[in-house]
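Please open the model in your viewer and keep the selection tool at hand. The tour below goes from one stop to the next, saying at each what to select and what is there.

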Amino acid sequence: MSASKPVRRRFHEGTTIADLKAYMEPFVASLGYRLNTETEFVDEVLASEIEILEATGDVYCPCRVRTGDPKEDVRIVCPCIPFHAEQFAAMRKCWCGLFIRADVVDGADLLGVIEEPEAGTEVDVPVCRVADLPAGSIRHIKIGKSDIALARVGDEFYALSNVCRHAFAPLADGVLEGHEVMCPWHGWRYDVRTGHTDHPGADVKTYPVTVRDGEVLVSVTVR
Ligand code: SF4
Ligand code: FES
């Protein structure tokens with residue numbers, strides 16, 4: 001590895017398109033995405049990423065503009081899906097179209113056209129598979145900027161804000177008893193179905209949840 005070309009640890013010099021696919025495919029699969037079915041297009045995008053990798057030391061997105069601010073630019077390192085979960089779920093692809101949602105049969109219509117959803121668009125974001133969350137458990141998920149606690153009671157799933165209104169403790173670290181989650185810090189209790197607590201004016205937001213083909217989807221609004 002030459003000093004003039006700092007290459008991120010996970011990539012060695014001479015990284016190939018096949019290397020990028022091997023690294024990216026399992027990761028995006030865990031998020032419900034796969035490579036576009038248009039293989040020629042995929043190879044073109046990944047070839048651009050390798051050029052960018054060699055020039056900058058990381059696989060920045062070929063269809064977005066880098067700002068020069070590392071904190072901002074980390075949001076466009078490929079695969080950038082976790083940073084833009086709402087938008088990509090609405091578009092059924094990433095901006096470039098390198099990745100498409102796993103259930104898209106033909107990715108030909110979903111190439112590099114960037115149509116960002118308008119703010120206010122409702123979108124169902126897949127967050128896990130049913131089997132991933134045992135009954136009686138609750139876990140933290142993040143969709144865009146939203147911190148959410150996802151709870152399973154029996155076969156029903158519920159999503160509510162993860163932030164306790166008392167002193168901002170993470171509710172997903174609390175104890176789930178029936179339909180109530182008890183805050184881990186001082187014991188406020190919230191109904192996971194409604195976000196209601198006995199403390200006046202302190203109910204938390206809830207999010208619609210659906211289960212489709214064994215996948216749990218939380219409905220959020222694109223901001
Ligand atoms: S938009 Fe697509 S190609 Fe661009 S960085 Fe994100 S995942 Fe990669
Ligand atoms: S932070 Fe939740 S009860 Fe105090």
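Buried area, a term needed at an early stop, is the accessible area (1.4 Å probe) that two parts lose on being put together, summed over both. The model is a predicted one, in which local features need pLDDT of at least 70 and side-chain atom pairs count only at pLDDT 80 or more, while totals for chains, interfaces and linings use all residues. Residues are numbered from 1 along each chain as its sequence is written, chains are lettered from A and ligands numbered from 1 in the order in which they are written, and side-chain values use heavy atoms, with hydrogens and water left out.

**The whole protein**

Begin with the complete C-alpha trace, which spans about 60 × 40 × 30 Å along its principal axes. In cartoon view, look for 4 helices and 12 strands; helices (H or I, at least four residues) and strands (E, at least two) are DSSP runs, numbered from the N terminus. Of the 223 residues in the protein, 43% are buried, where buried means under 20% relative accessible area, exposed means over 50%, and partly exposed lies in between (1.4 Å probe, protein chains only). Among the contacts (heavy atoms within 4.5 Å) with a separation of 6 or more, 51% are accounted for by residues 24 or more positions apart.

**The two domains and their interface**

Next, colour residues 17-116 as domain 1 and residues 124-221 as domain 2; such bounds come from an automatic or database domain assignment. The C-alpha centres of domain 1 and domain 2 lie 30 Å apart, and the contact between them takes 4 residues from domain 1 and 10 residues from domain 2.

The size of an interface is often given as the accessible area lost when the parts come together. Between domain 1 and domain 2 the buried area is about 520 Å², with carbon and sulfur atoms giving 53% of that area.

What kind of side-chain link can be selected across this interface? The rule finds 1 salt bridge between domain 1 and domain 2, a salt bridge being a side-chain nitrogen of Lys or Arg within 4 Å of a carboxyl oxygen of Asp or Glu. Select R101 and E215, whose side chains meet in a salt bridge at 3.7 Å, N to O. For the side of domain 1 that touches domain 2, helix α4 (residues 85-91) supplies the largest share, 3 residues. The residues on that side divide into 2 nonpolar, no polar and 2 charged; here Ala, Val, Leu, Ile, Met, Phe, Trp, Tyr, Cys and Pro count as nonpolar, Asp, Glu, Lys and Arg as charged, and the others, Gly among them, as polar.

**L20 in helix α1**

Move now to L20, which is placed in helix α1 (residues 17-29). Is L20 buried or exposed? With a relative accessible area of 0%, L20 is buried. Show its surroundings: leaving aside neighbours within four places in sequence, L20 is in contact with F11, T15, L46, E49, I50 and V59. As a further distance to display, L20 and C96 are 76 residues apart in sequence and 16 Å apart in space, C-alpha to C-alpha.

**Salt bridges to display**

By the rule given above, the count comes to 10 salt bridges. Select E177 and R189, whose side chains meet at 2.3 Å, N to O. E177 lies in strand β7 (residues 175-177) and R189 in strand β9 (residues 189-191), so the pair ties together parts that are 12 residues apart in sequence. E177 is partly exposed at 40% relative accessibility, and R189 is partly exposed at 30%. Add E180 to the selection, since E177, E180 and R189 are linked in a network of salt bridges.

Then select R193 and D191, which form a salt bridge with the closest N and O atoms 2.9 Å apart. R193 counts as partly exposed at 45% relative accessibility, whereas D191 counts as buried at 15%. Another pair to show is D147 with K142, the closest N and O atoms being 3.4 Å apart; D147 is partly exposed at 26% relative accessibility.

**S219 in strand β12**

The last stop is S219, found in strand β12 (residues 215-221) and counted as buried at 11% relative accessibility. Not counting residues up to four places away in sequence, S219 touches E122, V123, D124, Y207 and P208. With E122, the side chain of S219 makes a polar contact, side chain to side chain, at 2.9 Å; a polar contact is a pair of N or O atoms within 3.5 Å, where, within protein, one must be able to donate a hydrogen and the other to accept it, and residues adjacent in sequence count only if both atoms are side-chain atoms.
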